[in-house]
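User: Could you take me through one part of this structure slowly, as if I were seeing a metal site for the very first time? I would also like a short look at what lies elsewhere in the chain.

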Amino acid sequence: MQSELWQERILFIGKYWVGSKCIRDLPDERRVSPVDKAYERFKNSLPDGVDLEKVRKKLMEQEIETPSWGYADSGTRFKVFHQPGAARTVFEKLEDAAMVHKMTGITTKVALHIPWDKVDDYQKVVDYARELGLTIGAINPNLFQDEEYKLGSVCHPDSAVRKKAIDHILECVEIMNITGSKVLSLWLADGTNYPGQDDFRERKRRLEDSLQVVYDALADDQRILIEYKFFEPAFYHTDLPDWGMATLIAKKLGPKAQTLVDLGHHPLGTNIEHIVAILIDEGKLGGFHFNSKKYADDDLTTGSINPYELFLIYHELVKGEEDCGDELDVAYMIDQSHNVKPKVAAMIQSVEQIQMAYAKALLVDRDALRSAQQSGDIVGAEMILRTAYDRDVTPLLASVREEMGVPVNPLEAYRNSGYGEKVAKERG
Ligand code: PSV
Ligand code: MN
């Protein structure tokens, strides 16, 4: 027994001595972990004056909300495809969201869609979310799937249908009060398909009157975010086709109403970063629905088609954060419905892309950019953005993740975790 103890002590002293000697004398490449080593190299590659601690803090504070509907079976206009293991209930959706959060560390909130996530007791949803380390984020009313909504919801010519729509939104406000959600995220499928089908101005007034009722029901710390989309399911006009009209309504309603930008809801070629900048300047940027598009509302995973656009949007957001501080309160949400990719992996992929765009944007040399802009140095200005975009921020993100205690490579960790196979077996 005694000899065992002594052995342990000798081992300990030996380890300590060898250890400390080793650490002191070892060449750099053996002393530092691969993550630290890559981070050191990254640090050294940056120009002087970059406040990396501030950048790290911002990355750790980043919050991306994931949508419950991104974990369930979804489809195209032509068919809903089943994916083995796709979440079937709001509770399973929360479990998947918790897995994304476990891998990434920045997705505590989950958005709900009512009635897709309708339950009798929302407190149970709140409690289960809390158990999983999550909270409930935005509540999304569904005003597009009932028979009565064929000609619209809050813009419908019949006041009885408008009342039904308003009542449903008010039900969502009640749910917000139980879940503690601060955001009511409103997208309308309202519009017309043919010239002459309805009166544009009357529809506008119906919209304003209906939303006023909803606005008045919101508590002071709750917001309504108005989402616009220029087409689908209506193809002649939609009642909220663009950021201008959404913001017009939001301005009329008041400070608790803001605009929500969904990256898939603009005509091709629209300069979304410009819209973002103007909304920030007007104090009306309230939220984001991240996804990617090749044509329009394709609901592809974020950053998959045009990562440079995502970066340029983030450049405006970072500039907004710097200029407005806490006054800029944006709900960053993912809204994608990837049918062919495995759901949870696809969500993690998107979160990583968003983090990457943010990290790159945080490292834009904004002082140099301003000087280049002031002196009309167009080439220089563009190259400042390009340099930031081309920078490999993987070592920075790995180091930040290590400090946060999440996998340095979330997607790889998830793919090796066996979670997908496990839920496929359990859920079918
Ligand atoms: C509409 O295309 C939309 O972007 C809205 O945000 C909906 O609530 C969401 O998709 C879910 O289908
Ligand atoms: Mn959306």
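Analyst: Happy to help; here is a walk through the metal site, followed by some other spots in the chain. Keep in mind that this is a predicted model, so treat each value as computed from that model.

Let's begin with the manganese ion (ligand 2). Which residues hold the manganese ion (ligand 2)? The ion is coordinated by Glu227 (OE), Asp262 (OD), His289 (ND1) and Asp335 (OD), at 2.1 to 2.2 Å. When you follow these donors along the chain, their spacing reads E-x34-D-x26-H-x45-D. Two of them show how distant parts of the chain are linked here: Asp262 belongs to strand E10 (residues 257-262), while His289 belongs to strand E11 (residues 285-290), and the pair is 27 residues apart.

Now for the geometry. The site of the manganese ion (ligand 2) is octahedral, with six donor atoms and angles of 70 to 166 degrees among them. As a yardstick, ideal angles for six octahedral donors are 90 or 180 degrees.

Are Asp262 and His289 buried or exposed? Asp262 counts as buried because its relative accessibility is 0%, and the cut-off for buried is under 20%. His289 also counts as buried, because its relative accessibility is 1%.

Next, have a look at Ser74, which sits in strand E2 (residues 74-75). Ser74 has a relative accessibility of 10%, so it counts as buried. Its side chain makes a polar contact of 2.8 Å with the side chain of Asn339. Setting aside neighbours within four places in sequence, the residues in contact with Ser74 are Val80, Phe81, Ser337, His338, Asn339 and Lys343. Asn339 therefore turns up both in the polar contact and in the list of contacts of Ser74, where Ser74 is the buried residue we just met.

Is there empty space inside? Rolling a probe the size of a water molecule over the atoms shows where empty space is left. A search of the whole structure finds one cavity of 30 Å³ or more. The largest cavity has a volume of about 40 Å³, and its lining is made up of Trp187, Leu188, Asp190, Lys229, Thr238, Asp239 and Leu240.

Our last stop is Phe235, in the loop between strand E8 (223-227) and strand E9 (237-238). Not counting residues up to four places away in sequence, Phe235 touches Thr192 and Asn193. The C-alpha atoms of Phe235 and Tyr358 are separated by 35 Å, and these two residues are 123 residues apart along the chain.

Technical notes
Residues are numbered from 1 along each chain as its sequence is written. Chains are lettered from A and ligands numbered from 1 in the order in which they are written. This is a predicted model: local features need pLDDT of at least 70, side-chain atom pairs count only at pLDDT 80 or more; totals for chains, interfaces and linings use all residues. Side-chain values use heavy atoms; hydrogens and water are left out. Helices (H or I, at least four residues) and strands (E, at least two) are DSSP runs, numbered from the N terminus. Buried means under 20% relative accessible area, exposed over 50%, partly exposed in between (1.4 Å probe, protein chains only). A polar contact is a pair of N or O atoms within 3.5 Å; within protein, one must be able to donate a hydrogen and the other to accept it, and residues adjacent in sequence count only if both atoms are side-chain atoms. Contact means heavy atoms within 4.5 Å. Donors are N, O and S atoms within 2.8 Å of the metal (3.2 Å for Na, K and Ca); water is not among the atoms, so sites may look incomplete. Four donors count as tetrahedral if all angles lie between 85 and 135 degrees; four count as square planar and six as octahedral if opposite donors are over 155 degrees apart and all others between 65 and 115; anything else is irregular. On a 1 Å grid over the protein atoms alone, a cavity is a set of points where a 1.4 Å probe fits but cannot get out, and a pocket is an open set with protein on both sides within 12 Å along at least five of seven lines; lining residues have an atom within 4 Å of a point. Grid points are joined across faces, edges and corners, and a volume is the space filled by probe spheres set on the points.
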